[in-house]
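User: Please take a close look at a single part of this structure. Then follow what links it to the rest, in one connected account.

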Amino acid sequence: MGRYVLRRLLQAIPVLLGTTFLIFAIVYALPGDPLQALAGEKRVDPVFAAAMREQFHLNEPLVVRYGYYVRDIVSGNFGTTFRGLPVSTIFEGKFQVTFKLAMTALIFEAIIGVGLGLWAALRRGKWEDKAVLAFTLLLVSIPTLVSGFVLQLVLGVKFKQSTGLALFPVAGIGDGLRSYLLPGFVLATVSVAYLTRLTRTSLMETLRADYVRTAIAKGMPRRRVLGRHALRNSLIPMVTYLGADLGTLMGGAVITETIFNLPGIGQQLFQSVYLRENPVVVGIVTVLVLIYIVANLVVDLLYAVLDPRIRYE
C-alpha cells in the first residue's frame with residue numbers, strides 16, 4: 001500500500017504542474033494591464049509601473065514567470081498581491097468557510113442521494129421509483145441561483161414572518177454551523193440528483209448479480225444480503241463520485257456564497273478575477289487542485305476497504 005501511495009503522489013506532480021501552468025497562462029493572458037486595473041481610472045505613474053513590473057517579473061517571458069511561481073510554491077509562499085498583501089493571508093480564513101460549506105453539502109448529498117437511490121432501486125418499476133426519478137429530474141432542471149433565492153425567501157424570510165421563528169439564517173456566518181445548513185443544501189441539490197441516479201443504477205445491477213441471487217436462494221435474510229453484499233459492492237462508484245465532487249463543490253460555490261453572503265473562497269475568486277489580482281487567482285486554483293488530488297487519493301485507498309479483491313501490491 002505504501003508503494004501505491006508513493007506512486008500516486010508522484011503521478012500527481014505532473015497533474016499539479018500542468019493544471020497550474022494552464023491557469024497561470026490563462027490568467028496572465030487576459031487582455032488589459034493589471035497595474036492599470038489596480039489604479040482604476042487614474043493614470044499609473046511610469047516609475048511606479050516599472051518598479052512593479054520588475055518586482056512581479058511582468059517583463060519576463062511566461063515560462064520564466066511560472067518558474068518563479070513554482071519556486072515560491074515549493075517553499076510554501078503563494079506570493080503577494082499587487083497591493084502588497086500576502087496571498088495566503090487573504091484566503092486563509094475564507095478557505096475554512098468554503099470547506100465547511102462543501103462538507104455540509106457533501107453530507108446532505110451522501111445521506112439524501114444514497115437514501116433515495118437505495119429506496120428507488122428496491123422499488124424498481126413501482127410508483128416510488130418513478131417519483132424519485134421525477135424528483136431528480138426536477139432538481140437538475142432548477143438552477144442553483146433560482147433554488148437558492150427561493151429557499152432563502154421561503155425558509156429564511158417568509159417562515160420567520162409567519163411564525164416569528166428563524167428557521168435558518170438568511171445570510172452570513174454569525175449563527176455558527178446553522179449558517180451552513182441552508183446554503184449547504186442548496187449547493188448539494190444538483191449533486192443529490194446525480195448521486196441518486198448513480199446509486200439506483202449501481203444497486204440495481206448488483207441485485208441482478210449471480211452471487212446475490214444465490215445468497216437469497218440459500219435462505220439468507222434479504223436485509224443481510226442487501227447490507228453485506230449488494231450495498232457494499234455498489235459503494236465504489238458512489239465513493240468515487242463523492243470524492244471527485246468535493247473539489248467541484250468547493251470550486252463551484254461562488255453562486256451559493258454570493259446568495260447567502262458567505263465570505264468564502266468563491267466570492268474571493270470572483271472578486272480577484274474582476275480586480276485582476278492574478279496572484280490570488282492562481283493561488284486559489286492551486287490549493288483547489290491540491291484538495292482535488294488528495295480527495296482522489298483517499299478515494300482510491302478506500303477501494304481496498306470496500307472491495308478486498310482490489311490489491312495495489
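Analyst: Helices α6 and α7 (144-163) each supply at least two residues of a nonpolar patch. This is a predicted model: local features need pLDDT of at least 70, side-chain atom pairs count only at pLDDT 80 or more, and totals for chains, interfaces and linings use all residues. Residues are numbered from 1 along each chain as its sequence is written, and side-chain values use heavy atoms, without hydrogens or water.

Start with α6. It spans residues 127-141. Among the elements of the chain, α6 has the highest mean pLDDT, 91 (predictor's confidence per residue, 0 to 100). At the other end of that ranking is α2, residues 34-39, with the lowest mean, 66.

Now the patch. Its members are Phe135, Leu138, Ile142, Leu145, Val146, Phe149, Val150, Leu153, Val154 and Ile255. Together they offer about 810 Å² of accessible area at the surface (Shrake-Rupley, 1.4 Å probe, with only the protein chains shown counting as cover). Patch residues have over 30% relative accessible area and no salt bridge; nonpolar side chains are joined within 5 Å, like charges within 9 Å. The largest share, six residues, comes from α7. Ile255 belongs to another helix, α11, residues 254-259. At 38% relative accessibility, Ile255 is partly exposed (buried is under 20%, exposed over 50%, partly exposed in between).

Turn from the patch to the charged side chains. Side chains of opposite charge can pair when their charged atoms come close. What does Asp129 bridge to, and at what N to O distance? The partner is Arg200, with the closest N and O atoms 2.7 Å apart (a salt bridge puts a side-chain nitrogen of Lys or Arg within 4 Å of a carboxyl oxygen of Asp or Glu). Asp129 sits in α6 and Arg200 in α8, residues 178-207, so the pair ties together parts 71 residues apart in sequence. Are the two ends buried or exposed? Asp129 counts as buried, at 3% relative accessibility. Arg200 is also buried, at 16%. Thus α6 contributes to a surface patch and also carries the buried acid of this bridge.

A second bridge joins the side chains of Arg123 and Glu128, at 3.9 Å from N to O. Its two ends are covered unequally. Arg123 is partly exposed, with a relative accessible area of 29%. Glu128 counts as buried, at 12%.

How many salt bridges does a search of the whole structure find? The search finds three. The remaining one pairs the side chains of Arg71 and Asp72, 3.5 Å apart from N to O. Asp72 is partly exposed, at 21% relative accessibility.

Now set α6 in the whole chain. There are 13 helices and zero strands (DSSP runs numbered from the N terminus: helices H or I, at least four residues; strands E, at least two). Read along the sequence, the pattern is α repeated, from α1 through α13. The C-alpha atoms fill a box of roughly 85 × 60 × 30 Å along the principal axes. The chain has 313 residues, and 40% of them count as buried; Asp129, Glu128 and Arg200 are themselves in the buried class. Confidence for the chain averages a pLDDT of 81, and 92% of the residues score at least 70.

How values were computed. Buried means under 20% relative accessible area, exposed over 50%, partly exposed in between (1.4 Å probe, protein chains only).
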